[in-house]
Amino acid sequence: MTPARVNFFSAVIAIVGSIILVVTRIPSAYIWFAASIVWFVLAAGKRGNLLEVKSPGCHIARRLARLALFS
């Protein structure tokens, strides 16, 4: 399972959990509900972009560039 799909399913689980908290009238449930909605929207928006497989050469080149930049 790709990281984007795991993130999306985790966001869905967070929404379901926060809805359960809202139903039980826990005071901080509305904060959790708002945060899980934001998480879900971001995960749904990035789902298509993160499913693309990047070449290993690009990945290694990016790491080497970061290493050279921050060392």
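In the predicted model, the protein chain exposes about 5,700 Å² of surface, and carbon and sulfur atoms supply 73% of this area. Burial is described by the complementary figure: of the 71 residues in the protein chain, 11% are buried. One part of the exposed surface is a nonpolar patch of about 230 Å², which is made by V12, V16 and I20. Of these residues, V16 belongs to helix 1. With a relative accessible area of 45%, V16 is partly exposed, because this value falls between the limits of 20% for buried and 50% for exposed residues.

The secondary structure of the protein chain consists of three helices and zero strands. Along the sequence, the elements therefore follow the pattern α-α-α, with helices numbered from the N terminus. Helix 1 covers residues 3–23, and helix 2 covers residues 29–50. Helix 3 spans residues 56–70 and contains 15 residues. From its first C-alpha to its last, helix 3 reaches 21 Å, which is close to the 21 Å expected at 1.5 Å a residue. Helix 3 is hardly covered, as the count of buried residues among its 15 residues is zero.

Contacts within the protein chain were also examined by their separation in sequence. Among the contacts with a separation of 6 or more, 56% are formed by residues 24 or more positions apart. A particular instance of distant positions brought together in space is given by F8 and A44: these residues are 36 residues apart along the chain, and their C-alpha atoms are separated by 6.4 Å.

Two serine residues illustrate the packing between helix 1 and helix 2. S18 lies in helix 1, whereas S36 is found in helix 2. The relative accessibility of S18 is 2%, and S18 therefore counts as buried, the limit being under 20%. S36 likewise counts as buried, at a relative accessibility of 3%. When neighbours within four places in sequence are left aside, S18 is in contact with W32, F33 and S36. Under the corresponding exclusion of residues up to four places away, S36 touches A14, I15 and S18. The contact between S18 and S36 thus appears in the lists of both residues.

Aromatic side chains were considered next. A pair of aromatic rings is described by the distance of the centres and the angle of the planes. A search of the whole structure finds two aromatic pairs. In one of them, the rings of F8 and F40 have their centres 5.4 Å apart and their planes at 35°. This pair is classed as tilted, because its angle lies between the limit of 30 degrees for stacked rings and that of 60 degrees for edge-to-face rings. F8 lies in helix 1 and F40 in helix 2, so the pair ties together parts that are 32 residues apart in sequence. The two partners are described differently with respect to accessibility: F8 is buried, with a relative accessible area of 15%, while F40 is partly exposed, with a relative accessible area of 27%. The value for F8 is under the 20% limit and that for F40 is not, so the two residues fall into separate classes. Ring pairs also link F8, F9 and F40 into a cluster.

Conventions
Residues are numbered from 1 along each chain as its sequence is written. This is a predicted model: local features need pLDDT of at least 70, side-chain atom pairs count only at pLDDT 80 or more; totals for chains, interfaces and linings use all residues. Side-chain values use heavy atoms; hydrogens and water are left out. Helices (H or I, at least four residues) and strands (E, at least two) are DSSP runs, numbered from the N terminus. The expected span of a helix is 1.5 Å times one less than its number of residues. Buried means under 20% relative accessible area, exposed over 50%, partly exposed in between (1.4 Å probe, protein chains only). Rings of Phe, Tyr and Trp (its six-membered ring) pair if their centres lie within 6.5 Å; planes under 30 degrees apart count as stacked, over 60 as edge-to-face and the rest as tilted. Contact means heavy atoms within 4.5 Å. Accessible areas come from the Shrake-Rupley method with a 1.4 Å probe; for residues, only the protein chains shown count as cover. Patches are made of residues with over 30% relative accessible area and no salt bridge: like charges are joined within 9 Å, nonpolar side chains (Val, Leu, Ile, Met, Phe, Trp, Tyr) within 5 Å. A salt bridge is a side-chain nitrogen of Lys or Arg within 4 Å of a carboxyl oxygen of Asp or Glu.
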